[in-house]
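Here are some exercises to work through with the structure open beside you. Try each task on your own before reading its solution.

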There are 4 protein chains.
Amino acid sequence: MKRVLVATGGGDCPGLNAVIRAIVKRAQQEPDWEVIGSIESFNGILREPTEIRVLDERAVAGIHVQGGTIIGSTNKGGPFAWPIKNKDGSWDFVDRSDEMIRKLQYLGVDAVISIGGDGSQKISQALFEKGLNIIGVPKTIDNDLSATDFTFGFQTAVQIATEAVDKLVTTAASHNRVLVLEVMGRFAGWIALHAAIGGGAEVCLIPEIPYDLNKVLERLKARYSKGKGNAIVVIAEGAKPKDGSIVFAESKEVGYSNLRLGGVAHKLTEELKMAGFEADMRETVLGHLQRGGIPTAYDRILATQFGVKAFEMVLEQRFGQMVAYRHPNIVAVPLSEAVGQPNFVDPGCDLVKTAKGIGISFGD
Amino acid sequence: MKRVLVATGGGDCPGLNAVIRAIVKRAQQEPDWEVIGSIESFNGILREPTEIRVLDERAVAGIHVQGGTIIGSTNKGGPFAWPIKNKDGSWDFVDRSDEMIRKLQYLGVDAVISIGGDGSQKISQALFEKGLNIIGVPKTIDNDLSATDFTFGFQTAVQIATEAVDKLVTTAASHNRVLVLEVMGRFAGWIALHAAIGGGAEVCLIPEIPYDLNKVLERLKARYSKGKGNAIVVIAEGAKPKDGSIVFAESKEVGYSNLRLGGVAHKLTEELKMAGFEADMRETVLGHLQRGGIPTAYDRILATQFGVKAFEMVLEQRFGQMVAYRHPNIVAVPLSEAVGQPNFVDPGCDLVKTAKGIGISFGD
Amino acid sequence: MKRVLVATGGGDCPGLNAVIRAIVKRAQQEPDWEVIGSIESFNGILREPTEIRVLDERAVAGIHVQGGTIIGSTNKGGPFAWPIKNKDGSWDFVDRSDEMIRKLQYLGVDAVISIGGDGSQKISQALFEKGLNIIGVPKTIDNDLSATDFTFGFQTAVQIATEAVDKLVTTAASHNRVLVLEVMGRFAGWIALHAAIGGGAEVCLIPEIPYDLNKVLERLKARYSKGKGNAIVVIAEGAKPKDGSIVFAESKEVGYSNLRLGGVAHKLTEELKMAGFEADMRETVLGHLQRGGIPTAYDRILATQFGVKAFEMVLEQRFGQMVAYRHPNIVAVPLSEAVGQPNFVDPGCDLVKTAKGIGISFGD
Amino acid sequence: MKRVLVATGGGDCPGLNAVIRAIVKRAQQEPDWEVIGSIESFNGILREPTEIRVLDERAVAGIHVQGGTIIGSTNKGGPFAWPIKNKDGSWDFVDRSDEMIRKLQYLGVDAVISIGGDGSQKISQALFEKGLNIIGVPKTIDNDLSATDFTFGFQTAVQIATEAVDKLVTTAASHNRVLVLEVMGRFAGWIALHAAIGGGAEVCLIPEIPYDLNKVLERLKARYSKGKGNAIVVIAEGAKPKDGSIVFAESKEVGYSNLRLGGVAHKLTEELKMAGFEADMRETVLGHLQRGGIPTAYDRILATQFGVKAFEMVLEQRFGQMVAYRHPNIVAVPLSEAVGQPNFVDPGCDLVKTAKGIGISFGD
């Protein structure tokens, strides 16, 4: 009997369970393979007692419809930075990667499939360099990885953000309000860009196109001059003004900026008011609503393709590689070429042109 | 030709358009009636030039599916407190009610249907006392009016809040998080109570049942002791601790408390952390998402019943009365008995017992 | 340790799992009770080996969001008509009720909660008369039981049917079509009536109001004469013409009429064409889509109330009674008074008046 | 002032309105262009009096969220086959294309954008050959056009079909049923293939892979032998058995086969029963529910890209060409190369392999 271990790491993303189910269903077609899952990314392997779960047909029945991941996930711990609390309350982080690889051998694990974001895949690459038979499956709800055309979870987030715009539009129109909707996107504005086009916003502010507050005001005032006292502004949480007046210091702890949820929406609202814009403004913050719930059909299908491919890469022993979607194919790319290669919105790309073509202002 | 004027006042509420459509469709069955709408509550009548819109079959086709109101709404102005800006920038508020009643006569308006919340119905009652032929249709998304068993919009808000809990549950479970969801309800906790039962929360905090932070901690820790590091807390925006440590001063301007959107969720999260609760906590704030969008079938039907009844009350000249739902009938109640009679959650009611019966803690 | 056994019988209905979860959650608050489930109604008890499932917190976690029932259901078998195949291929039905009651004693079952429709509750009543400690929970997606104001599942079916009308309306309008939608309702037209009002149909045909084909034609032609070549007709599967030209023979096997799914929609379409109506007509049949999927918040809450009440009735030993919703309370009613008391649409009721008030024709 | 005329032809498809809105919004950015729409494809031009509608900002506000098309559509008539009724009741079809081109000149139309399926684009090509300045925008809900990677409407249909599977799955599981779902796809099985993967079906039958009834039975019986008495079968309306026992004669009138809605699902159900499969089987037919309603975000965005591109092709005078999506770009392709080039499911393609990888049987 051969054994493949699956782990899911990082923030939540609709489609994780569909990947797990596809791996298990594909593995069942091989007579001599079984699938196990490590609970909460690799932490399940590192804990005593070990926390693993057998993933058979029964365990994965119907899970492709559910958000979350049945084997848990976390941003903390992992083989290269295991936290140990000192007597004085401070934390040390120790490298337990060699120990983990030995433990996997002891558990009879022949291959590992690691589903996770860029941080997780850096760990995959490092483990591969230490000799582990590992395959990566990319996961980023922000769609900000250049190695793959699309990642699962993104379309679900776009759909949820677009439906939020739909809900706000009628209120804005009947109550003469400017409604500011903050969506995910600390470094990449894909969700904001898609939701602005899909939902019908007047203004879309994203990290890749620093905005000029006066340009935003102009666009909103132009709308007012037409007798329409309402507008929808979609703003990515990492949007920033051209003049650099907002600086988000990188936080060392989580690798993210120090933005509070809703911070950028609130800031913009305040700025517009200070600039003399008299409209009745309200802000809405989607937050975790974008990461949860039932994946769209699109994401379930893409996630299923990723899962089937990942297991087949195990069979083909294509270790050190990552699944990717290069339209219209599902392919394998070396982890070494994929990690750390972000995919930002190019201000001159077709989709931005489309957005400008229907009158959306980026404040540039 | 006889003429009925419709106005919609106050905050947004799914079902407003369904009421308008039902009034128009019912009026069409009478040979000699037409319906007109005043834009942005009664302000359309008071403005120069007058802003009214003829509401015929074409104007209302398909609008019952849409959020918002096709004749606009507002919280500002109105016949008894029309704002006038002084030279020094300050505001005076003048009574233009007599002028408005004359203008309605001049426009040939035989009756008025005013769709709005408690504030609007107080205005309806005052106008009725001045001799205006007016009928009220209650509108409160919080379901906090004792004169009627249910109001339209409420079930839609509950459905949206419940679906938000659904989205958060899988993330909470797979990422071991306590997720705090703030829903509407400054004075009445109906939406929070329903969403906590419907979605499956562990804790529900509402204005009517001041909470003891220690009791909330106990409930969450009890769950942790069972090995579940996750929970959903649904909190109404007006929830407050027993010890009175949070006091919301009433704001004179809007008649509402001075809560910032997300304030109570953020406050609770901070308090729990300070009390030593180590869980990974995140807050989500629904805000205006609860007020907008497509009404549920339930709300469309109730709103349609209200609209048909309101017009029939015009035919029957039952002025000074308000439509109400007294299960299973749609009835008329005197405005004088209906206004200012709030409907709060009784801590001993069946629904709270049901909630406690499935283990939901109110922190009491 | 005391033991309550739960069984679900009859057709699918959104909310069954929410009832089961509420029973289990409420029982957990009593120190000495456990809940078990019989698989596929009472058949699990009658089979060898017995098929029962322990229903603990883990078993019911999150199930209130799911359609179906985790303990299975069926229309076949049961204690009073257990099928036995003869050598010649024919079937005999034997009474195994005494045997079942003995088996329940042997299993240490102190009380039984039977969730099911009118047929199931007749069995409950018969078992109660034989001395079994049994409580009934009503289940009918058609809302056709007079003992309770509403049953869970109904609002979900109405929501699904209304959303189907929403989807058809835009196609009908842009393609000048008459679209006929068949919804559930063999004997009671509640779903059709609600969906016609909620969705905005022109014609609604239900079993309780036999239709005159000429009146239906008149309504559709009147719409044509206004230049609108489109309409939505919502038809309950048991709708029938006044002239008695369609007669549905009762089928002995399932207790239902011999209608084929889609039969009534197809029949009406043909009839209208034969009557010379030249419109482009298409039919759509919802079928099982109305019975499945995620319950609305309303149904989850009502089902939770039913479940909590049912278990409390066990504690109070109110056997031979059934849970019912008598607005605004959840009450207990004797099974003997509840079974066989259908709830049909009264042609003169307020809701039919509302429907006619917005111009919906019933063909009468 | 220059003028572009827009027409929408053929069956309904979510996203049509988003294309129209994008054309209008993009045209507004050019100082000297206006957009008009011909009602019900080109028939609005051919009728007396002419039926056209000015498409300005107000006309298209918010329409991208709606199904259908605000300028109407039809499968009948058109410039090359205008129907004329003879005295004996028979029909003749006359070529009015020259007359239509003259009428467009008379109306001051500088360019035409024709949004429609393969039949419509054949007409576009023929009109282009006669000298008309025409641009095509492809529309096929079945995604069966090889010139473009995806068409708008398809993802919405897939989402609706997948959600239907979701609704059926819980009923099938709790009631031990085999549920057969018929989805669109007379010649191409893309919707069935996607919904089977996205929803989680056991069997998927499509026109491109003729099925062997015995293989279908084997798959279902294999599931039964595992103790699971339930399954979902997704079947495209054009699916057919290998042995040729079902032959769909082509209908001359509409260019489609003579299938009755639900025919193939009913046929398969009967066949399985006759083959001795004893399961409780039910069929469900989606029909027009797949064509209507609110487009998904994906389809709104793709439709918006098509609309912006189409108008820019007018500006660039790229007549005789059609908009297409060649990932990741929106491009122009000659109509002459695009029409009549269908896109069928290749039985050896990656997506079929994915489906087989998770155990879906195609009966081959």
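The exercises below concern a predicted model, and each is followed by a worked solution.

**Exercise 1. Find out how confident the predictor is in the complex and in chain A, and where in chain A pLDDT stays under 50.**

Step 1. Begin with the whole assembly: the complex has an ipTM of 0.94 and a pTM of 0.95 from the predictor.

Step 2. Turn to chain A, where pLDDT averages 92 and 95% of the residues reach 70 or more.

Step 3. Now look for the weak stretch. Over residues 249-258 of chain A, pLDDT stays under 50, and the model has 12 contacts beyond four places in sequence for this segment.

Step 4. Keep a caution in mind: where pLDDT is low, the predicted coordinates should not be read in detail.

**Exercise 2. Describe the fold of chain A, and decide whether its radius of gyration agrees or disagrees with that of a compact globule.**

Step 1. Count the elements: chain A holds 12 helices and 13 strands.

Step 2. Compare the radius. A compact globule of 364 residues would have a radius of gyration near 21 Å, and the 22 Å of chain A agrees with this. The C-alpha trace spans about 70 × 50 × 35 Å along the principal axes of chain A.

Step 3. Check burial and contacts. In chain A, 59% of the 364 residues count as buried. Among contacts in chain A with a separation of 6 or more, 73% are between residues 24 or more positions apart.

Step 4. Divide the chain. Domain 1 of chain A covers 2-152 + 295-327, and domain 2 covers 157-291 + 346-357. Their C-alpha centres are 34 Å apart. Where the two domains touch, domain 1 of chain A contributes 10 residues and domain 2 of chain A contributes 11. The side belonging to domain 1 of chain A has 2 nonpolar, 5 polar and 3 charged residues.

**Exercise 3. Which element of chain D gives the largest share of the side that touches chain A?**

Step 1. Set the scale: 33 residues of chain D are in contact with 33 residues of chain A.

Step 2. List the contributors. The elements of chain D that each supply at least two residues to this side include helix 1 (16-27), helix 6 (154-175), helix 7 (190-199) and strand 13 (329-334).

Step 3. Pick the leader: helix 10 of chain D provides the largest share, 7 residues.

Step 4. Sort by class. The side of chain D that touches chain A has 11 nonpolar, 16 polar and 6 charged residues.

**Exercise 4. Is strand 10 of chain D enclosed or open, and which strands pair with it?**

Step 1. Check burial along the strand. In strand 10 (residues 231-236) of chain D, 6 of the 6 residues are buried, so the strand is largely enclosed by the rest of the structure.

Step 2. Separate the two faces. A231(D), V233(D) and I235(D) are buried on one side, and I232(D), V234(D) and A236(D) are buried on the other.

Step 3. Find the partners. Strand 8 (residues 177-183) of chain D pairs with strand 10 in the parallel sense over 6 bridges; within this strand 10, V233(D) is the bridge partner of V180(D). Strand 9 (residues 203-205) of chain D also pairs with strand 10 in the parallel sense, over 3 bridges, and C204(D) has V234(D) as its bridge partner in strand 10.

**Exercise 5. What surrounds helix 7 of chain C, and what follows the helix?**

Step 1. Check its cover: helix 7 (residues 190-199) of chain C has 10 of its 10 residues buried. Among them are W190(C), L193(C) and H194(C).

Step 2. Look at the packing. The buried residues pack against helix 10 (297-315) of chain B, and also against elements of chain C, including helix 6 (154-175) and strand 10 (231-236).

Step 3. Move past the end of helix 7 of chain C to G200(C), whose phi is positive, near 95 degrees.

**Exercise 6. Inspect the backbone at P328(A), E40(D) and S41(D).**

Step 1. H327(A) and P328(A) are joined by a cis peptide bond, with omega about 0 degrees. P328(A) sits in the loop between strand 12 (321-326) and strand 13 (329-334) of chain A.

Step 2. E40(D) is not a glycine, but has a positive phi of about 55 degrees. E40(D) belongs to the loop between strand 2 (33-38) and helix 2 (43-46) of chain D.

Step 3. S41(D), also a residue other than glycine, has a positive phi near 55 degrees.

Step 4. Apply the burial cut-off of 20 or more other C-beta atoms within 10 Å. E40(D) has 25 and is therefore buried; S41(D), with 27, counts as buried too.

How values were computed: Residues are numbered from 1 along each chain as its sequence is written. Chains are lettered from A and ligands numbered from 1 in the order in which they are written. This is a predicted model: local features need pLDDT of at least 70, side-chain atom pairs count only at pLDDT 80 or more; totals for chains, interfaces and linings use all residues. A residue is buried if 20 or more other C-beta atoms lie within 10 Å of its own, exposed if 12 or fewer, and partly exposed in between; C-beta atoms are placed from the backbone. Helices (H or I, at least four residues) and strands (E, at least two) are DSSP runs, numbered from the N terminus. Two residues are in contact if their C-beta atoms, placed from the backbone, lie within 7 Å. pLDDT is the predictor's confidence in each residue, from 0 to 100. Ala, Val, Leu, Ile, Met, Phe, Trp, Tyr, Cys and Pro count as nonpolar, Asp, Glu, Lys and Arg as charged, and the others, Gly among them, as polar. The radius of gyration is taken over C-alpha atoms; the globule rule is 2.2 Å times the number of residues to the power 0.38. Two strands pair if DSSP finds at least two bridges between them. Domain bounds come from an automatic or database domain assignment.
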